[in-house]
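Please load the model in your viewer, show the side chains as sticks, and keep the selection box at hand. The stops below go from the interior to the charged pairs.

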Amino acid sequence: MVNAGAMSGSGNLMDFLDEPFPDVGTYEDFHTIDWLREKSRDTDRHRKITSKSKESIWEFIKSLLDAWSGWVVMLLIGLLAGTLAGVIDLAVDWMTDLKEGVCLSAFWYSHEQCCWTSNETTFEDRDKCPLWQKWSELLVNQSEGASAYILNYLMYILWALLFAFLAVSLVRVFAPYACGSGIPEIKTILSGFIIRGYLGKWTLLIKTVTLVLVVSSGLSLGKEGPLVHVACCCGNFFSSLFSKYSKNEGKRREVLSAAAAAGVSVAFGAPIGGVLFSLEEVSYYFPLKTLWRSFFAALVAAFTLRSINPFGNSRLVLFYVEYHTPWYMAELFPFILLGVFGGLWGTLFIRGNIAWCRRRKTTKLGKYPVLEVIVVTAVTAIIAYPNPYTRRSTSELISELFNDCGALESSQLCDYINDPNMTRPVDDIPDRPAGVGVYTAMWQLALALVFKIVITIFTFGMKIPSGLFIPSMAVGAMAGRMVGIGVEQLAYHHHDWIVFRNWCRPGADCVTPGLYAMVGAAACLGGVTRMTVSLVVIMFELTGGLEYIVPLMAAAVTSKWVADAFGKEGIYEAHIHLNGYPFLDVKDEFTHRTLATDVMRPRRGEPPLSVLTQDSMTVEDVETLIKETDYNGFPVVVSRDSERLIGFAQRRELILAIKNARQRQEGIVSNSIMYFTEEPPELPANSPHPLKLRRVLNLSPFTVTDHTPMETVVDIFRKLGLRQCLVTRSGRLLGIITKKDVLRHMAQMANQDPESIMFN
């Protein structure tokens with residue numbers, strides 16, 4: 001609790017303003033929170049509620065409501081995040097199909113829904129029904145021929161451009177923070193940084209609407225990363241309704257960690273994977289209580305999405321698959337090769353994307369975000385339409401690549417030459433020689449793979465919502481499916497080779513190409529994000545295949561090893577550094593032998609440290625010091641001669657305390673003495689009333705000695721979430737180390753530009 005104090009007119013000593021004045025304890029934009037202070041304030045609040053609960057029944061009920069408020073917030077987050085995800089899925093489904101045609105019976109039906117309602121649809125021609133008409137059929141009454149193809153091509157491009165233009169315009173005008181994935185910023189916010197408006201109501205609304213538009217436009221991006229941002233916006237909104245969270249930035253971040261778990265839960269239909277993703281990838285402070293609440297929020301979100309049933313298959317995701325064949329030890333070699341490919345793709349993508357984003361920041365390219373989005377959308381649509389694997393939505397593509405070829409599949413990938421004497425059950429079809437359709441699909445997939453690899457580098461980071469999970473999985477799934485078909489055909493034609501002899505007899509169903517697609521998807525996603533545990537859990541929740549955990553683990557670990565050999569940063573950490581956010585990554589190691597005295601301010605030749613004395617400065621002196629400097633706080637010492645440390649006072653609280661004292665207390669003028677001691681200093685009889693500010697003073701600031709190794713200092717900053725740390729020798733103040741100084745020093749030691757840490 002932070003108050004100001006003063007002498008009353010009658011001469012009695014009192015702490016001025018027993019109740020906290022407005023805005024105390026809040027932080028300015030682009031500043032870091034003080035985790036220790038927030039924790040201490042929450043402990044005081046809890047102690048106060050517990051002691052009051054014994055006074056009356058009403059106070060006891062209030063304490064119960066306070067204890068349950070956390071679970072209520074989680075319930076609300078889960079309900080809203082699940083509902084929004086369901087609405088986004090349904091809208092994307094409809095608008096993606098709108099690029100190709102329209103339903104005559106109800107224009108708001110997607111292609112699949114339209115044909116469900118038609119009585120004239122047959123199983124063989126389930127994708128064709130009279131109620132669904134392509135644009136060429138509707139406009140010029142032609143379904144085949146060059147003119148129909150060109151008209152459909154043009155309509156596809158025009159719809160894609162319209163959706164992309166609307167999305168980038170809405171983001172630019174109403175919510176600039178709605179662009180990008182959102183995960184790098186959420187990681188930074190969860191580490192204690194304040195970015196006002198990033199999780200606001202406008203950002204939530206615009207991100208939800210524009211996410212539908214950009215995914216429907218056919219750009220090489222996904223909705224999964226932005227759904228984490230959307231869920232965190234929901235978390236921020238509901239936490240602002242409860243004073244327990246709205247007045248404590250540390251507690252608010254516990255809610256946001258749980259919201260991130262709910263976001264992944266609805267993005268992938270993976271509640272457990274969501275909790276692990278929040279723990280492994282985004283959260284900075286994750287106590288056990290947050291683990292339980294994250295689990296509850298993810299559960300409610302998944303249940304809500306399941307109730308909406310956006311895909312009509314009673315599943316939480318579009319690409320749920322079931323395989324009927326076990327994997328064999330010999331297949332570990334191609335799985336590990338896919339892991340190597342995933343690591344190399346991750347490295348290529350991160351380097352290419354960061355180079356392009358840096359170019360966007362430092363050249364005129366960044367001044368024309370709308371034009372950039374339009375150009376990339378036009379190029380994507382023009383190249384994507386002729387290839388059936390890039391024309392459809394990326395989620396549908398992954399779904400087809402994951403699928404096992406059953407007897408009822410009509411995909412080109414399942415165009416095998418069947419044995420007319422086959423009498424096996426439907427779900428256990430033996431390996432067969434590839435037909436013409438499979439070979440056509442292979443070269444189309446190869447072209448689609450090259451296109452996806454290149455276009456995703458330029459798409460991620462534009463001024464529109466853009467997720468990376470789905471494009472990365474698509475790249476891996478395409479590569480994996482091609483490898484899977486290759487291994488399958490090798491096993492069929494050379495089953496007498498020693499590798500295949502033990503487990504692949506003629507007429508057996510040995511190799512599942514869909515499994516290779518799944519392993520490739522995991523490898524590429526791991527290579528880009530460097531996730532491991534949460535990635536494997538998400539993938540097996542996606543597919544329902546517990547027995548395929550080992551191949552997924554092998555691919556995920558291999559891709560991480562290969563990618564880490566070229567650079568330790570995942571895509572989110574790379575974007576954090578590119579944007580200069582003050583993020584101390586717990587995964588980074590500091591191994592240099594420097595001391596606190598090498599990093600602290602002031603250095604040699606710099607002006608002395610700005611300090612406050614405990615009882616000899618006037619209100620005017622302090623106001624002048626605040627006006628002439630932009631520091632976040634000031635050490636308080638006994639006197640300028642002794643420099644013996646008393647405590648630390650925050651800039652914002654000094655300003656508020658002086659402002660409130662001037663407004664609400666008589667006798668406080670510019671030459672009033674300010675003191676931080678219990679008793680006022682001895683003053684001449686005619687001097688104005690002194691101002692007591694003992695209550696804004698932190699009497700236990702974190703201190704280290706000048707010979708403390710920087711390795712220890714960095715560890716303290718990471719684990720305690722400090723804003724600053726004072727450097728002393730025998731109780732005498734020598735200097736100060738801020739979080740920004742630590743980040744600058746780490747950048748310098750890594751031969752990077754220390755001035756790239758832009759924010760306070």
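What follows is a tour of a predicted model, with a selection to make at each stop.

**The main core**

Begin by selecting F268, F402, I464, M473, M539 and I737, which touch the most other members of the largest nonpolar core, a set of 168 residues. Next, colour helix 18, residues 469-493, since this helix gives the most to that core, with 12 residues. Set apart from it is another core, of 20 residues, and selecting M617, V619, L654 and M674 will show you some of its members.

Now return to I737 and display what surrounds it: leaving aside residues up to four places away in sequence, I737 touches A596, V599, M600, M710, V713, F717, Q724, C725, V727 and V742.

**Charged pairs in helix 1**

Side chains of opposite charge can pair when their charged atoms come close. In this model the count comes to 26 salt bridges, and the next stops visit several of them.

Select E38 and R41, which form a salt bridge whose closest N and O atoms are 3.3 Å apart. Because the two are 3 residues apart in helix 1 (residues 35-52), about one helical turn separates R41 from E38. If you switch on a surface, note that R41 is partly exposed, with a relative accessible area of 21%, whereas E38 is buried, at 1%.

Stay in helix 1 and select D44 and R47, whose side chains meet in a salt bridge with an N to O distance of 3.0 Å; these residues, too, lie 3 residues apart, about one turn of the helix. Here D44 counts as partly exposed, at 33% relative accessibility, and R47 counts as exposed, at 53%.

**A pair across the chain**

Which parts of the chain does the pair of R729 and D706 link? Select both, and you will find R729 in strand 13 (residues 724-729) and D706 in the loop between strand 12 (703-705) and helix 27 (710-720), so that the pair, 23 residues apart, links distant parts of the chain. Their side chains meet in a salt bridge at 2.6 Å, N to O. R729 is partly exposed, with a relative accessible area of 48%, while D706 is buried, with a value of 4%.

**A network to finish**

For the last selection, take D42, R45, D66, K251 and E254 together, and trace the network of salt bridges that links them.

Technical notes. Residues are numbered from 1 along each chain as its sequence is written. This is a predicted model: local features need pLDDT of at least 70, side-chain atom pairs count only at pLDDT 80 or more; totals for chains, interfaces and linings use all residues. Side-chain values use heavy atoms; hydrogens and water are left out. A nonpolar core is a set of buried Ala, Val, Leu, Ile, Met, Phe, Trp, Tyr and Cys residues joined through side-chain atoms within 4.5 Å. Buried means under 20% relative accessible area, exposed over 50%, partly exposed in between (1.4 Å probe, protein chains only). Helices (H or I, at least four residues) and strands (E, at least two) are DSSP runs, numbered from the N terminus. Contact means heavy atoms within 4.5 Å. A salt bridge is a side-chain nitrogen of Lys or Arg within 4 Å of a carboxyl oxygen of Asp or Glu.
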